[in-house]
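Welcome, and thanks for taking a look at this one with me. Below are a few numbered points to read alongside the model.

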Amino acid sequence: MKPGARDPLDSATLRKSRGAFFTPPAIASFVVNWAVRSPDEEILEPSAGDAEFLVHAVARLQDLGVSAPHVHGVELHDFSAQIGAQRVAEAGGTVEMTVADFFDTGLAPRYSAVVGNPPFIRFQDFAGDARAKARSAALRGGVALSGLASSWAAFTVHGALNLCPGGRLGFVLPAELLHANYASPVRRFLFANFAQVDLVLFEERVFDEAETEAVLLLADGYGGSTDHARIRQVPTAAALSLEMPSAATWAPADPAAKWSGSTVSPEAAGLYAKLILDGSFSALKDWGKTTLGMVTGNNKYFALSPGRVAELGLPKNEVLKVSPPGSSHLRGLELSGRALTELGRTGKRTMLFRPPGEPSDAARAYIALGEADGVDTAYKCRVRKDWWRVPLVSRADLLLTYMNADTPRLTTNTAGALHLNSVHGVYLSPAHRALAREILPVAALNSVTMLGAEFTGRAYGGGMLKMEPGEADLWALPSPSAVLEARDALLAIRPQVAGKLRTGKVLEAAKLVDDVLLVRALGMRRPEVAEIRAARNALAGRREARSRRGSN
């Protein structure tokens, strides 16, 4: 049975009246592949139509090793339900298809994935018993919808209420989710009930019959909560990929506020997407692996200045070189051995107390001092066999700043210092190690990567931009091939870039890199670079402005 088969008595007008718009396979496949992650998933498609999502769910479960997948659907239109059931059977699965209004089915919070394309019926066509049932269903989730709400709003809430804890909601929704006033309580509901909310926008219309743009809602971790949504933008449904980097992070003071303000100009978003799709920029994980630093349990105790080490009389073999707590010293291109020594001379804590074996008398005295101060009672300390022996990490090739007032920085760790959890370590793949250690910190100071940081990271108090390892993995950096192409030119400007950074002129340093990498190596036009730069500055400005408003 072909998808989208039509009842001869079912007209386009009737389909529109019940909000039925058939979903392109590429979109259904993407949503299902995101939502279904293990062979024991319970999957529901409300408003199943011809079961496009369920057909892809069957295929996904088969890929996960399920020989005879069983899925669930609800569909109001009997003919569509029959087609859907037949299509699921032809795909090799079975379906429990309920022919009913989804709002009449009650709640069954057992599903790990609820996926689909809810009906889009505008408020003027959504009246009587249908509206009353929808509003009643939304109220079960604590969402009071106004009389202007379209049908999808209640579907979103009711769909979420059928999830088990930790479940995932993958819906195709109208872009009204982002900006309509009536969608305000739905936006608040999503933030309050999911640990992660992702949105995917399209540059081109993907539903020819619909009168509005579409957005994909990917809400993960039902039962949790979040303070931000991650927003991505792609040209068309064909560009959808689970490996897409985030395109923006929106953390509104009021979750019910319009989300559309988080997006950048269509021109900047299009340029950014093109650079990702054509391979000029790729995720940091293509260069190597990002990890958290060491968790000592008490940095003030374990990280010592050279002067303090001498005062305590600790032998050299009982301390290790460490990047001092914090990251203010990692605003240049390199942490050299000479720079680390100079930091130590100024009193920075560049030594880690870490006896390798039986402690010396001086170490035992310091351990006793820690016990007198209760350091050993901290959770990370008391769960160790020897509370004073910090678990080590390998020495990273690059250090990545974790909290940033301007933009994340990569620094080459030529000092071979260990790193604490105030920064991240980047462990480069052997194929890229020499090139990345030499020049990636310079190449990363370009406006595209700085815009990507605003997209991928998240705004925190004080206007800081925070980057977790999982987010850093998706941070868009120039691809290895692009960096190799621009290597000689980047090396030539490295001293100038370093000089700008020493005086805090980050944006001037970025302009130097933009000219070499984006314009000369990648062939971008200067107006295009200016568009990207303006988008980054706008997002950073909003982040800083939110901080100023919060402090008033």
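**Notes for a first look**

1. Let's begin with a small sheet: three strands form an open sheet in the order 12-14-13, and their pairing is antiparallel. Strand 12 (303-304) and strand 13 (319-321) are at its edges with a single partner strand each, so each has one side without a neighbour in the sheet. Please keep in mind throughout that this is a predicted model.

2. Within that sheet, strand 13 and strand 14 (residues 351-353) run antiparallel and are joined by three bridges. If you would like one pair to find on screen, Lys321 has Met351 in strand 14 as its bridge partner.

3. Met351 also leads us to Val309, a residue of helix 11 (residues 306-312). Val309 touches Met351, as well as Leu304, Leu314 and Val319, leaving aside residues up to four places away in sequence. Is Val309 buried or exposed? Its relative accessibility is 10%, and buried means under 20%, so Val309 counts as buried. From Val309 to Leu352 the C-alpha distance is 9.4 Å, although 43 residues separate the two in sequence.

4. Now for strand 4 (residues 111-116), where six of the six residues are buried, so the rest of the structure largely encloses this strand. Strand 1 (residues 43-45) runs parallel to strand 4, and two bridges join them; Leu44, for example, has Val114 in strand 4 as its bridge partner. Strand 4 also pairs with strand 5 (residues 163-174), again in the parallel sense, over five bridges. Here you can look for Ala113 and its bridge partner in strand 5, Arg168.

5. Next, the nonpolar cores. As background, nonpolar side chains in soluble globular proteins tend to be buried together. In this model the largest nonpolar core has 53 residues, and Trp287, Leu410, Leu440, Leu490 and Val497 have the most contacts inside it. Helix 19 (residues 506-521) supplies the largest share of this core, with eight residues. Apart from it lies another core, of 43 residues, including Tyr111, Phe120, Val157 and Leu217.

6. Leu490 is a good place to zoom in on the largest core. Not counting residues up to four places away in sequence, Leu490 touches Ile439, Val442, Ala443, Val513 and Val516.

7. Finally, a word on confidence. Mean pLDDT for the chain is 88, with 88% of the residues reaching 70 or more. Which residues have pLDDT under 50? Residues 1-20 do, throughout; the model has 36 contacts beyond four places in sequence for them.

Notes
Residues are numbered from 1 along each chain as its sequence is written. This is a predicted model: local features need pLDDT of at least 70, side-chain atom pairs count only at pLDDT 80 or more; totals for chains, interfaces and linings use all residues. Side-chain values use heavy atoms; hydrogens and water are left out. A nonpolar core is a set of buried Ala, Val, Leu, Ile, Met, Phe, Trp, Tyr and Cys residues joined through side-chain atoms within 4.5 Å. Buried means under 20% relative accessible area, exposed over 50%, partly exposed in between (1.4 Å probe, protein chains only). Helices (H or I, at least four residues) and strands (E, at least two) are DSSP runs, numbered from the N terminus. Contact means heavy atoms within 4.5 Å. Two strands pair if DSSP finds at least two bridges between them. pLDDT is the predictor's confidence in each residue, from 0 to 100.
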